[in-house]
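Hi,

Here is the structure I promised to pass on. Have a look at it first, and my notes follow below.

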Amino acid sequence: MGKRIAVLSAVLLLFLQTLVFGQAERAQDDYYEFVNGKKIEEITLEPTEAGWDWFSDAETVVRGEMEETIRELVNGGETYEKGSPEQKIRDLYQCISDMDNRNETGLGPLQPYMDKIRGASDIEEYVEALAYLSGEMGYSSILGGYSIMQDKADSGKYVVYLLYADTLIGKEYVEDEDTQEYVELYFDYVRNMLTEFGMTGEQAERSAASIEGLLRDICESSMSAEQYYDPSLTYNVYTEQELQELYTNVDVHGMLETIRIDGQEYYVVMDVDQAQKINSLLVEENLQALKDYSTFVMLNDMAEYMNSTYAGLYTDMQNMLYGITESWEDEFIWMDLTQKMLPWDCGKIYVQKHFSEEDKETVEEMLDLILEEYEKIIQRQDWMSPSTKEKAIRKLKTMQIKIGYPDKWPAVCDTMQVTPVSEGGSLLSNLVKNLQVSLENDLAKLGTEVDRTEWDVTPQTVNAFYDPLNNEISFPAAMLQEPFYSSEYSDGTNLGGIGFVLAHEVSHAFDSDGALYDEYGNYHVWWTEEDLDAYEKMTQSIAEYYDKYEVMGTHVDGERTLAENIADLGAMTCITSIIGDDKEMLEDAFWQTAYIWAEVCTESFTQYLLNTDTHSPHKVRVNAVMSSCDVFYDVYNVKEGDGMYVAPEDRVGIWK
Ligand SMILES: [Zn+2]
């Protein structure tokens, strides 16, 4: 995020920290502060920043490298082959930064879609307009949004998921008493957008009020963020006939046909209550409010790519939500947007410069170590029956691993093209073209077998992932950086850094969501009833354990953060189990795990994360995990009465 100090060498920092006497906190009372107190004090957030952590720090490094590349391409004056990453990046950046062109474009290619929504004279025409938008561009606002993804029940094929309505600022903000001031500010934004769209102040006022009415109504019948992660709630199979019974106010066949997803054996409805609510709202008396809602959603979704007023309003709104007090410079925003719109082209250039075969081997070796240890851990669980153990181990052994970057780049990478301003292109026209290309690409998948070698994470992403539908780990190239990994670090330090991150991902195979998928990525229960019972008792106690932690006066939501907390606890068991009783190595690992989670956030951003994030705040991630780790007590001599102390019978975790 922005101009900030380069990544500090963690080795140097470790050295400095050991020189400084009189740490503010004892390890035994607050391990997170003990490790990170000094680092946190050093960090001053720029007014343009919502937060800082080592992940965002590494992202800044990656982004800086990409910016340099973009600058070289734009200023180099060389000619590049049409369709090459270099040509696309250079020409797109020019479209993005040509504000005159953007201001002249207006709604440009979006105009026909907008006209259809605004011109709808009854509910039937309104639904048709939304279906048309979805069929041509692949997205919608209230109805008609869908995604073609792997079928959870049969992960070898694709199925159409009918998505949720857009709930704007989100159910959590809308319904939480403490966040009403944000909702109010958000509706200032809605009014300003509608005014820019051409409404009078009075019209905008009225429209915003009716949008808010609809939003509150929809949110009441929508799932919470934690429910979204529960496949038993979001995987609801409907035939076309059954969809027609769900959406009694819609001609379902006509709608599916316009969207171009008709003729499927079945569809998956993700939020049934919300769908029922939406159906009940599709009546003539709501027509104007619905049209206004969909108008605003389109403006909001496209604001970043439109004229300077829309783009500015959009940035201000985001800054407000995250507690950022000063906007980024235009050039920074343009660079960022270029990278966001051409992720794979940027990725190709990134890996050429920053990832080697040797790096790949390093990660593979570490991952092998972790998978082997996990097998031993599963074998020694006395609450698990032999048959469940056998299946859990098969899941480990068949886990697919993607490291660095794809051997075969995604097809959209080649089909996405950029037309420069000099040939009549604009930012919006390129955006719409690319949305259409990616839509055709998705539609073509229907009826084909899933290609499990396809990557959906770009190599320049600073993160790692577990995908239960493919039973696979993705570890992008950019994750292999300090302070997560360095060939200069001790083995214990690397295990606490990158080792913890990898073990966390492996643990996701057995978290409250991942545990419900088998080794093929199919959603079905492979546990004996007794074992699942024992497992669920443990997850319940984990949720209650995290509920007790508090940040800024707000309790952590143990339910919403459950899967991530299970993964953290599992990762620590795995890492300490690999190390055994080598105290020095354990100390290195504990330290580094705490260190990689150092974090500084604005108050608003902390609030935002507490409301929406599925991870616990970083401080809790560290202290809650250490307090449940028996070996930690030995290494740091933690005693009853210490801040980190939790009685042995109250410590939690799936794996011992
Ligand atoms: Zn995770």
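Helix α7 covers residues 123-137, so numbered from the N terminus among DSSP runs (H or I, at least four residues, for helices; E, at least two, for strands). Its 15 residues reach 21 Å from first C-alpha to last, close to the 21 Å expected at 1.5 Å a residue (that is, 1.5 Å times one less than the number of residues).

By the way, this is a predicted model: local features need pLDDT of at least 70, side-chain atom pairs count only at pLDDT 80 or more, and totals for chains, interfaces and linings use all residues. Residues are numbered from 1 along each chain as its sequence is written.

Back to α7: its buried residues include Y126, L130 and L133 (buried means 20 or more other C-beta atoms within 10 Å of the residue's own, with C-beta atoms placed from the backbone). Among the elements covering them are α6 (111-119), β2 (146-150) and α16 (287-302). Right after α7 comes G138, with a positive phi near 85°.

There's also an open sheet of four strands, ordered β2-β3-β5-β4, with mixed pairing (strands pair if DSSP finds at least two bridges between them). β2 and β4 (236-238) are at the edges with a single partner strand each, so one side of each has no neighbour in the sheet. Inside it, β3 (residues 158-162) and β5 (residues 267-269) run parallel over two bridges, and Y161 sits opposite V268 in β5.

Overall, the chain has 30 helices and 11 strands, and 44% of its 656 residues are buried.

Cheers

Notes
A residue is buried if 20 or more other C-beta atoms lie within 10 Å of its own, exposed if 12 or fewer, and partly exposed in between; C-beta atoms are placed from the backbone. Two residues are in contact if their C-beta atoms, placed from the backbone, lie within 7 Å.
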